[in-house]
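Biologist: Could you show me the model you have been working on? I would love to talk through how its helices pack.

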Amino acid sequence: MLQKLLVVPLAAVSSLTLLYTLVLNAPHGGGGLSFPSSLEDIRALSTVLNSYSSSHPQYVLLLFSSAYLFKQTFAVPGSVFLNVLAGAIFGSVGGFLLCCSLTALGASLCYILARAVGKEVAMRYFPARVEQFREKLEENKQELPFFLLFLRLFPMSPNWALNMASGVLGVPLHLFFLSVFFGLMPYNYLCVTSGALLAEIREVGDILSWSNMARCATIAVAALLPSLLMRARRKAKECKD
């Protein structure tokens, strides 16, 4: 078990080493490059990266993508700030597509790490969450794509736990990837478009407001409807038989 546990810190150190190397090789020395934790940080960082992007667009894309994948892979909080930053750097359309792709890829890397570490480790440290998710998967195995999509669309879903539990319990990787890509689109869209209008945003609460979360919840319920209809139809058929 110890050998399996070592996979995670080794992967994290490798990722941090890559990020550190990228910062050291920044076009103008890398001053001011760090993970944003407030809107003020995002404004300052977007100014620096926009100055780089005119002459070194590939560097900016690589640095942003590496930072984003690090956060997603190791379940580091703060993705909202990087989503907003993407809108400020890459614009609404480019930032939105980039964040959707990186979110799905990073979550898949988290899935793969959890699968590599193994079920016994997850059951030791997160037994309740893993068992709860296993029961839900069993209940919804006939409508698994709709169920996975609903879990992502619902704004209060613990995405880091879903990523790990999906890997441990063997959810098909292609369904997992697609559910993350499409399921987190509303959340990514809200954040990225806010970044494109950064001057109008005063605090993070303006992005993750109750009204915006209610819109995401409405979409989540709509995504669950096909699953509920299929289940009702199956139960009706069983009753007839």
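Here is our conversation about helix packing, cores and salt bridges.

Modeller: Keep in mind that this is a predicted model, where local features need pLDDT of at least 70, side-chain atom pairs count only at pLDDT 80 or more, and totals for chains, interfaces and linings use all residues. Residues are numbered from 1 along each chain as its sequence is written, and side-chain values use heavy atoms, with hydrogens and water left out.

Biologist: Thanks! At roughly what angle do the axes of α2 and α3 cross?

Modeller: Helices here are DSSP runs of H or I with at least four residues, numbered from the N terminus. Axes are lines fitted to C-alpha atoms over the stretch in contact, with angles from 0 to 180 degrees between N-to-C directions. The axes of α2 (residues 39–53) and α3 (residues 57–73) come within 7 Å, and they cross at roughly 140°.

Biologist: Are α2 and α3 roughly parallel or oblique to each other?

Modeller: Angles under 35 degrees count as roughly parallel, over 145 as roughly antiparallel, 65 to 115 as roughly perpendicular and the rest as oblique. With a crossing at roughly 140°, α2 and α3 are therefore oblique.

Biologist: Which residues of α3 meet α2?

Modeller: Contact means heavy atoms within 4.5 Å. From α2, Leu 49, Tyr 52 and Ser 53 take part, and they meet Pro 57, Tyr 59, Val 60 and Leu 63 in α3.

Biologist: Which helix gives the largest share of the largest nonpolar core?

Modeller: Such a core joins buried (under 20% relative accessible area) Ala, Val, Leu, Ile, Met, Phe, Trp, Tyr and Cys residues through side-chain atoms within 4.5 Å. The largest one has 46 residues, and Tyr 52 and Tyr 59 are among those that touch the most other members. Its largest share, 15 residues, comes from α4.

Biologist: Which residue forms a salt bridge with Lys 141?

Modeller: A salt bridge needs a side-chain nitrogen of Lys or Arg within 4 Å of a carboxyl oxygen of Asp or Glu, and the whole structure has two. For Lys 141, the closest N and O atoms are 3.1 Å apart, and the partner is Glu 138.

Biologist: And how far apart are N and O in the salt bridge of Glu 131 and Arg 134?

Modeller: Both residues lie in α6, three residues apart, about one turn of the helix. Glu 131 is partly exposed (between 20% and 50%) at 28% relative accessibility, and Arg 134 is partly exposed at 33%. Their side chains meet with an N to O distance of 2.6 Å.

Notes: Helix = DSSP H or I, 4+ residues; strand = E, 2+ residues; numbered from the N terminus. Buried < 20%, exposed > 50% of the residue type's maximum accessible area, 1.4 Å probe, protein only.
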